[in-house]
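Subject: Structure for you to look at

Dear colleague,

I am passing on the structure we spoke about, together with its sequence. Please open it beside this message, since the notes further down are easier to follow with the coordinates on screen.

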Amino acid sequence: MNMKVTPRGEHAMKQDQPGQPVTRNDDANHDLSIRVRDLDLWYGDFHALKSINMDLYSKNVTALIGPSGCGKSTFLRCLNRMNDLIPSVRIDGLVEMDGRDVNEPKMDEVALRRRVGMVFQKPNPFPKSIYENIIYAPKMHDLVSRKADQDELVERALRDAGLWEEVKDKLHQPGTSLSGGQQQRLCIARAIAVQPDVILMDEPTSALDPISTATIEDLMDKLKKQYTIITVTHNMQQAARVADYTAFFHLGEVVEYNDTKTMFSTPATKKAEDYITGRYG
Amino acid sequence: MPKSFDDISAQLRARHRKSARLKWISMGALGLAALFLVLFFADMLVKGLPAFQQAQIQVEVDYSEETSKMPLKAVDRDMSRLVSRGFLRLIPGRMEDNPDLLGTKKMEWVTATAEVDQYLKGHYSRLKDDQKAIVDQLVDEGRAELRFNSTFFTSGDSKMAELSGIASAAMGTVLTLLVTLAVSFPIGVMTAVYLEEFAPDNRFTQLIEININNLAAIPSILFGLLGLAVFIGFFGMPRSSPLVGGMTLALMTLPVIIIATRTALRSVPDSIRHAAFGVGCSRWQMVRDHVLPIALPGIMTGSIIGLAQAMGETAPLIIVGMVAFIPDVSASLSDAATVLPAQIFTWAGEPERAFIEKTSGGILVLLAVLITLNATAVVLRKKFERRW
């Protein structure tokens, strides 16, 4: 990767329209999935997200990078309202999906999470069998009822998550008996079993070894054909490898949002450049 | 100049001595506690085990016309003082049930009086010397012996020690605890679920939490007063009944179950809640399908221990009238009943020597049940314990 860059001014990033990346990735899809405008978030008095504007494109991988505490995970949780679970949070601004503001009072957060799935940092399968882990949510959402359909759905989800071959003979063993990497793929299978539009991944590989990490990265690449993937990562190389777009967060702001290639070769801002080249963070 | 190992050891000697001393003191405390426990059990066993045996004597029973009216004449005069009057009283009834008996004479093993029983067990007895001589003779002839006391387990209380048993109290305990469980388990668990999973953390819920913790420390007799005032006084429920007793004990058990359930819920990792929300569970689905199943062993353990506590409780039941003389075994929730510890309390107040062993026997039964309950709790916890 060519890291040679010329220093630029802090505010070199000028956007024609708020929320759009500075440069486009022409290979990527540009259908809008989630539109974020002037999003502010406070934890009590702490201003954690400051006027975020982002257009997230569907059927892409968008990586959110930045130093710890910069608000990238907080931002991710805004997209399926997981922040609702924290009592002191106050949110202002627009997160629009499918023409609806996800924070509007009429929006049912359960319906939102049905369309915006999530994979967490630490693999967290339910302490049930592998089969139950997958089929629980589809059954709950009334997607399947017949046993044959259920079997088929479980197989498809596990195949899509690249886990089928490893677990097909032990579907009724507890999901917690799998290895860490397998557990994380089980969680991905669980998320895609309800056919969401968007999958949020909060540092999905940070608890995994390099081989499992590579497997999951390959998986993200495959899954983006069907799903919009937004992932938080601390791993620069991972962002460079899997993401079509990358957003750099710093102190609650999006400092730069850009096509991944441009971000890692010629970032538009000094801060992003310093972070990417490892000068801090 | 760095110090050698020997120099350092010399300095450490006093510290090692101190820790050794403390170790011996703590072991002494433990030994003392164990000693008391052993003494208590030994005393109960020595005093209580004889209660499971009862003297029986073989006498000739005369089923005549006259006996059906005056059953005391069924056995001859000398012997009739040794035979339990409880047995003799039953004779007319038996003759009515079985008319063939009329006009026959039979040698039968019958229950002896408590005094004969005590005499045979070598305790103080109020038998006169001539009666003692007869008993001695019966023993020599093999017509008097100690046998397993099934009456103790099959009949209720009686004024005659040889006929009294724990059956009515055991039945009362079962019914009372069923009511306690049915009332306190759902209310306690749902309260804990609300406080832990639904309620916002504000002044009001903190106040509730403090009060629940305080409730667990309230003297149990006050719950009896509450039960008397509310269930009997206000709602007019039947006095002395397992219904009222069970509900009163439920009040006492509630805080225990709530606290145990909250602890069990709190030990469920948040990652499970996040996973459930992540796949689109509503809050109730999250609790019902994921959190409660994981917390259930802890909830059951806490509830069993709460119930065991309630089972050993006497004070609140005095107030609602369950410490009573209940000779009949009744399976109704609204009839007067008593419970095991109350039965023990009643027997402990009897002046007759024979009731001392009944008291200890009752304690043994109660202890056995309590140990079983607590062991069940431990087994459940071990069996369903999850490791993360």
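What follows goes through the contact between the chains, the overall form of chain B, the nonpolar cores and one sheet in chain A.

Please keep in mind throughout that this is a predicted model.

Where the two chains meet, 18 residues from chain A and 16 residues from chain B take part in the contact. On the side of chain A that touches chain B, at least two residues each come from helix H2 (109–115), strand E6 (116–119) and helix H3 (130–140) of chain A, and H2(A) contributes the most, with three residues. Sorted by class, that side of chain A holds 11 nonpolar, three polar and four charged residues.

Turning to chain B, there are 16 helices and three strands. The C-alpha trace of chain B spans about 100 × 70 × 35 Å along its principal axes, and the radius of gyration of chain B is 29 Å, whereas a compact globule of 388 residues would have one near 21 Å. Buried residues account for 38% of the 388 residues in chain B. Among the contacts in chain B with a separation of 6 or more, 76% are between residues 24 or more positions apart.

The largest nonpolar core has 145 residues, of which A:Leu64, A:Leu79, A:Ala189, A:Ile192, A:Ile199 and A:Leu200 touch the most other members. The largest share of this core nevertheless comes from chain B, where helix H11 (residues 242–266) supplies 14 residues. Apart from this core lies another, of 21 residues, and among them are B:Ala74, B:Leu82, B:Val83 and B:Tyr119. If you would like one residue to start from, A:Leu200 touches A:Leu76, A:Leu79, A:Asn80, A:Val116, A:Gly117, A:Met118 and A:Ile230, when residues up to four places away in sequence are not counted.

Finally, chain A contains an open sheet of four strands in the order E2-E1-E4-E5, with antiparallel pairing. Strand E2 (46–57) and strand E5 (100–101) of chain A each have a single partner strand and stand at the edges, so one side of each is left without a neighbour in the sheet. Strand E1 (residues 32–43) of chain A runs antiparallel to E2(A) and is joined to E2(A) by eight bridges; A:Leu41 stands opposite A:Leu49 in E2(A).

With best wishes

Key. Residues are numbered from 1 along each chain as its sequence is written. Chains are lettered from A and ligands numbered from 1 in the order in which they are written. This is a predicted model: local features need pLDDT of at least 70, side-chain atom pairs count only at pLDDT 80 or more; totals for chains, interfaces and linings use all residues. Two residues are in contact if their C-beta atoms, placed from the backbone, lie within 7 Å. Ala, Val, Leu, Ile, Met, Phe, Trp, Tyr, Cys and Pro count as nonpolar, Asp, Glu, Lys and Arg as charged, and the others, Gly among them, as polar. The radius of gyration is taken over C-alpha atoms; the globule rule is 2.2 Å times the number of residues to the power 0.38. A residue is buried if 20 or more other C-beta atoms lie within 10 Å of its own, exposed if 12 or fewer, and partly exposed in between; C-beta atoms are placed from the backbone. A nonpolar core is a set of buried Ala, Val, Leu, Ile, Met, Phe, Trp, Tyr and Cys residues joined through C-beta atoms within 7 Å. Two strands pair if DSSP finds at least two bridges between them.
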